[in-house]
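Let's take a walk through this structure, starting with the whole chain and then stopping at a few spots along the way. Keep the 3D view open and turn it as you read.

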Amino acid sequence: RGPLFHLFASMAKVARQPGGGPSAPPAGVSFEFATGVPDEVVMSLVQQYIDSSVWSYCQMSQVCKAWLKTFSNDNQWNQEWNRRFAQRPTDCDAATWRQRYANAHTIERKFASGSFDFRSADPRGSTVYNLTTVGGKCLAACGDGVIAYDLAGLSRCTDVKPVVRFTVDNDDLAGAALCCLPTAGGGVVAGFQQGGLAYWNAGDELGVCWEAHTKGVKAVALLGNGILSGSADHGVKLWDLSGSSPVCTAHLPDIMGGVTAISPIMGTDSMAVISCRKGARVWDFRAPGGTAVVASLRTDDWCLCVEASRTDSNVVRCSDKAVHTWDLRTKTRIHEPLHRHERLIAQFKTDGGYRLVSCGLNGQVKTSSLEGVELARVMPGRGRSRSLDTHLSSGKYGKLLCHQEDYVLTVDFDETRVVVGGLEGKVEIFECTAEVPVAKRHRAS
């Protein structure tokens with residue numbers, strides 16, 4: 001946070017103290033210096049410090065009478081709502097736009113920090129936190145551990161039954177599984193709500209389970225011969241599993257926010273892009289302690305998902321309420337944001353340069369082709385055809401695949417299927433083709 005924020009926060013703290021207020025300002029500070037600041041400038045502070053609690057800047061209204069008027073102006077909060085959320089409010093109990101903004105802000109802040117919230121009072125089934133498709137199977141990290149489903153041979157209206165369940169009996173280390181990942185040797189790695197990591201070998205037997213973090217492990221990734229784990233405790237660790245017990249070979253103690261996604265950079269055994277508050281950072285773990293920051297990529301809102309390109313080591317994608325594509329050489333965005341959602345994007349996946357699928361806290365799942373977007377990189381401006389512009393427009397907003405009542409947290413796909421999961425506690429499988437986004441719909445139990 002910048003010096004202005006600390007100044008305003010200290011002033012608001014004094015104003016909240018018994019006997020505080022304009023008669024007792026901090027030494028050398030006048031409460032009336034902000035009287036002439038335009039409302040638009042004052043509200044821009046909200047945009048700069050959205051990672052703070054909403055009430056920390058609502059309490060800035062106590063700095064002076066002018067700011068009290070500004071922060072009490074419901075029209076200003078209506079404008080902030082339209083700028084940031086751009087959707088019809090569903091919170092009918094909130095009497096003011098300021099309260100609606102505060103409620104929506106608080107929910108997204110929870111997700112950004114690694115916590116979760118429920119829209120429905122009684123969620124159906126076990127929450128699905130993460131999905132990964134590999135070799136005709138789907139791994140689901142959920143409240144019951146990690147469940148493997150066989151996607152082969154689906155027929156219309158067929159319920160998909162679990163093939164294997166990966167569980168850990170130690171409740172002190174496990175709890176709900178928040179993420180999972182298949183390894184090159186046919187094993188499975190999973191991160192748990194209580195900060196534990198677990199590894200199952202190719203025979204589906206639990207190899208090792210250990211305490212990796214002090215809070216929930218939200219992200220795992222393979223980096224070289226090791227495993228990267230990211231947690232809500234703001235830490236990232238690199239683990240070596242070649243010995244009899246896991247060894248931490250690198251540790252980033254504070255990544256600037258809860259870590260919700262990690263993706264290794266293609267063609268390297270030491271670099272990965274990691275989500276951190278309003279953006280992402282690319283780290284080089286060859287440096288002592290893994291503290292070398294190669295690039296910092298800033299988004300407009302909280303970043304919940306990152307992905308390094310599978311076809312170009314210089315391209316990285318990260319998301320807030322849209323998917324942004326960055327060139328690591330110039331640290332600039334390559335083209336317009338894709339898949340604009342009304343709320344934060346919980347997860348997105350690509351398969352190189354062909355397809356993009358995303359899901360958001362608004363309950364929507366979107367899909368689009370990336371072929372037109374990739375062509376636009378090499379054919380900017382005049383060289384574009386009308387059909388190419390149509391591809392770009394389609395990618396900008398995406399095509400709606402499905403809409404659930406509760407938050408959708410995870411999505412993945414293979415050549416013919418898209419799998420979707422979230423707080424509704426079910427895994428839905430859509431059979432798709434390039435032209436028809438939804439042909440069949442299945443539910444996994």
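Among the contacts in the protein with a separation of 6 or more, 46% are between residues 24 or more positions apart. Keep in mind that you're looking at a predicted model. In secondary structure terms, the protein has eight helices and 28 strands. Of its 445 residues, 52% count as buried. The protein exposes about 19900 Å², and carbon and sulfur atoms supply 49% of that.

Let's begin with a pair of helices. Find helix H5 at residues 74–84 and helix H6 at residues 97–112: their axes come within 8 Å and cross at roughly 35°. That crossing is left-handed. Which residues in H5 and H6 meet? On the H5 side they are Asp74, Trp77, Asn78, Glu80, Trp81, Arg83 and Arg84, and on the H6 side Trp97, Arg98, Arg100, Tyr101, Ala104, His105 and Glu108. Sort the residues of this contact by type and you get five nonpolar, two polar and seven charged.

Now move along the chain to the strands. A quick reminder before we go on: strands of a sheet pair through backbone hydrogen bonds, either parallel or antiparallel. One sheet to look at is open and built from four strands in the order S9-S10-S11-S12, with antiparallel pairing. Strand S9 (217–223) and strand S12 (247–252) stand at the edges with a single partner strand each, so one side of each has no neighbour in the sheet. On average, neighbouring strands here are turned by 20° against each other, direction ignored.

Zoom in on S10 and S11 in this sheet. They run antiparallel and are joined by four bridges. For one of the facing pairs, pick Ser229, whose bridge partner in S11 is Lys237. The loop between strand S10 (226–231) and strand S11 (236–240) is where you'll find His234. What's the phi of His234? Its value is near 75°, which is positive in a residue other than glycine. That's worth a second look because most residues other than glycine have a negative phi. As for cover, His234 counts as partly exposed because its relative accessibility is 28%.

There's another histidine to check further along. His339 isn't a glycine either, and has a positive phi of about 55°. You'll find His339 in the loop between strand S20 (332–333) and S21. Is His339 buried or exposed? With a relative accessible area of 0%, and with buried meaning under 20%, His339 is buried.

From that loop the chain leads into S21, which takes us to another open sheet. Four strands form this one, in the order S21-S22-S23-S24, and the pairing is antiparallel. Its edge strands are S21 and strand S24 (399–403), each pairing on one side only. Neighbouring strands in this sheet are turned by 20° against each other on average, again ignoring direction.

Strand S22 is a good place to slow down. How many of the residues of S22 are buried? The strand covers residues 355–360, and six of its six residues are buried. Follow the side chains and you'll see Arg355, Val357 and Cys359 pointing one way, while Leu356, Ser358 and Gly360 point the other way. Both sets are buried, Arg355 included.

S22 has a partner on each flank, so to speak, and we can take them in turn. With strand S21 (residues 345–350), S22 pairs in the antiparallel sense over five bridges. Within that pairing, Thr350 stands opposite Leu356. The two strands form a hairpin with four residues between them, and Gly352 in the turn has a positive phi of about 95°.

The other partner is strand S23 (residues 364–369), which S22 also pairs with in the antiparallel sense over five bridges. Here Cys359 stands opposite Val365, and Leu356 stands opposite Ser368. So Leu356 faces Thr350 in S21 as well as Ser368 in S23. This hairpin has three residues between the strands, and Gly363 takes a positive phi near 85°.

Definitions and conventions
Residues numbered from 1 in each chain as written. Predicted model: local features only at pLDDT ≥ 70, side-chain atom pairs only at ≥ 80, totals over all residues. Heavy atoms only, no water. Buried < 20%, exposed > 50% of the residue type's maximum accessible area, 1.4 Å probe, protein only. Pairing = 2+ DSSP bridges. Axes fitted to C-alpha atoms, helices over the stretch in contact; angles between N-to-C directions. Contact = heavy atoms within 4.5 Å. Areas by Shrake-Rupley, 256 points an atom, 1.4 Å probe, with all protein chains shown as cover. Left-handed = near helix turned anticlockwise from the far one by under 90°. Nonpolar A, V, L, I, M, F, W, Y, C, P; charged D, E, K, R; others polar.
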